[in-house]
Amino acid sequence: MTWRSVLKFGLMLISLGATSNVFGQNPTSKESASGAKPDLRGKNIFEAKCATCHGLDGLGGEHAPDIIRRSGVKALSDETLLNVIHDGIPEEGMPGFPNLGGEDAQAVVAYVRFLQGRSAGNPVPGDAARGHDLFFGKAGCSACHQITGRGQFVVGDLAGFARDHPADEILDAILRPTGGPRETATAVVRDGRRFFGIIRNEDNASLQLQDGDGRFYLLMKSSLISVQRKTGAPMPVDYGQRLSSTEIDDLVGYILRESRPAATSSSPSAEGHAQD
């Protein structure tokens with residue numbers, strides 16, 4: 001099995017710039033003592049140059065699937081990944097990035113390895129089963145948030161946020177949220193397609209939406225027949241009073257569990273193609 005065939009369904013890096021935290025994370029939160037944090041330079045470059053195809057979490061997008069949980073990609077050496085970033089895979093539509101400096105390319109590889117490690121299923125705090133009931137019940141999280149496709153997409157899917165944030169940062173985001181309410185829109189184009197997501201950018205000619213999988217869509221207003229907007233309520237700031245410390249741990253445990261789906265979730269057919 002060659003590295004080119006393994007990456008046939010991945011590593012199609014295309015430029016994109018824009019991202020945002022789902023929770024409205026407190027920027028003054030301290031570095032986690034419970035686990036490694038991502039290299040911010042590698043994270044920023046990945047989100048700027050890889051997210052269109054692979055998604056902000058690396059688990060696949062509109063043009064390329066999972067490069068985080070797929071065992072074939074994990075098995076590639078750092079040197080091979082650096083070569084792919086530099087040279088691309090032209091026959092598969094992936095451009096190379098020869099102008100990406102050595103340190104920047106290494107930072108991207110380090111961030112990919114970080115995401116791969118986060119998906120390995122390390123122990124999580126609390127009782128995830130009770131956390132599930134809190135998320136969809138007493139805590140009311142699902143009124144605004146999705147998690148792995150369940151709940152209301154008003155702010156975003158928390159599983160994506162949790163993949164590169166440790167437990168204490170998730171806890172801090174719950175207890176001390178920052179940022180105001182987000183505006184979402186449902187846009188319908190002339191051919192009948194519908195796009196729903198958070199409004200990231202807008203001008204007189206275009207509207208940019210980000211969906212729950214982290215994918216961005218740039219829509220020209222001249223092609224739209226309708227745009228329905230909705231502003232979500234700000235995140236509650238009183239979870240420290242509404243929930244006990246045990247309940248908050250359970251909630252964090254559930255969010256973390258849902259951010260780490262089993263590696264076997266990749267379809268057998270896709271794995272089979274990767275070995276062709």
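I take helices as DSSP runs of H or I with at least four residues, numbered from the N terminus. The model I am reading is predicted.

**Entry 1: overall**

I began with the chain as a whole. The secondary structure of the protein chain comes to twelve helices and ten strands. Of its 276 residues, 47% are buried. I then looked up the contacts in the chain with a separation of 6 or more, and 67% of these join residues 24 or more positions apart.

**Entry 2: Ala 105**

I located Ala 105 in helix 6, which spans residues 102-118. Is Ala 105 buried or exposed? Its relative accessible area is 8%, and the cut-off for buried is under 20%, so I put Ala 105 down as buried. Setting aside neighbours within four places in sequence, I found Ala 105 in contact with Leu 82, Ile 85 and Leu 100. I also checked Asn 83, which is 22 residues from Ala 105 in sequence and 9.5 Å from it in space, C-alpha to C-alpha.

**Entry 3: helix 5**

Ile 85 led me to helix 5, residues 78-87, where the buried residues are Thr 80, Leu 81, Val 84 and Ile 85. Why do they lie on the same side of helix 5? They do so because they cover an arc of only 140° around the axis. I note the general rule that an α-helix has 3.6 residues a turn, so residues three or four places apart point the same way. Just after helix 5 I came to Gly 88, which has a positive phi of about 70°.

**Entry 4: helix 7 with helix 11**

Next I looked up pairs of helices. Two packed helices are described by the angle between their axes and the distance between the axes. The axes of helix 7 (residues 128-135) and helix 11 come within 7 Å, with a crossing angle of roughly 95°. I therefore recorded helix 7 and helix 11 as roughly perpendicular to each other. From helix 7, the residues that meet helix 11 are Ala 128, Ala 129, Arg 130, Gly 131, His 132, Leu 134 and Phe 135. On the helix 11 side I listed Thr 246, Glu 247, Asp 250, Leu 251, Gly 253, Tyr 254, Ile 255 and Arg 257. By class, this contact of helix 7 with helix 11 has seven nonpolar, four polar and four charged residues.

**Entry 5: helix 9 with helix 11**

I moved on to helix 9 (residues 167-175) and helix 11 (residues 245-258), whose axes come within 10 Å and cross at roughly 120°. That angle makes helix 9 oblique to helix 11. I noted the crossing of helix 9 and helix 11 as right-handed. Ala 167, Ile 170, Leu 171, Ile 174 and Leu 175 of helix 9 meet Ile 248, Leu 251, Val 252, Ile 255 and Leu 256 of helix 11. Which classes of residue make up the contact of helix 9 with helix 11? I counted ten nonpolar residues, no polar and no charged ones.

I then listed the buried residues of helix 9, which are Glu 169, Ile 170, Asp 172, Ala 173 and Ile 174. These buried residues pack against helix 8 (158-162), helix 10 (239-242) and helix 11.

**Entry 6: Ser 222**

Last, I looked up Ser 222. Where is Ser 222 placed? I found Ser 222 in the loop between strand 9 (216-220) and strand 10 (224-231). Ser 222 is exposed, with a relative accessible area of 56%. Val 189 is 33 residues from Ser 222 in sequence, and the two are 9.0 Å apart in space, C-alpha to C-alpha.

Terms used. Residues are numbered from 1 along each chain as its sequence is written. This is a predicted model: local features need pLDDT of at least 70, side-chain atom pairs count only at pLDDT 80 or more; totals for chains, interfaces and linings use all residues. Side-chain values use heavy atoms; hydrogens and water are left out. Buried means under 20% relative accessible area, exposed over 50%, partly exposed in between (1.4 Å probe, protein chains only). Helices (H or I, at least four residues) and strands (E, at least two) are DSSP runs, numbered from the N terminus. The arc is that of the directions from the helix axis to the C-beta atoms. Axes are lines fitted to C-alpha atoms, for helices over the stretch in contact, and angles run from 0 to 180 degrees between N-to-C directions. Angles under 35 degrees count as roughly parallel, over 145 as roughly antiparallel, 65 to 115 as roughly perpendicular and the rest as oblique. A crossing is left-handed if the near helix is turned anticlockwise from the far one by less than a right angle, and right-handed if clockwise. Contact means heavy atoms within 4.5 Å. Ala, Val, Leu, Ile, Met, Phe, Trp, Tyr, Cys and Pro count as nonpolar, Asp, Glu, Lys and Arg as charged, and the others, Gly among them, as polar.
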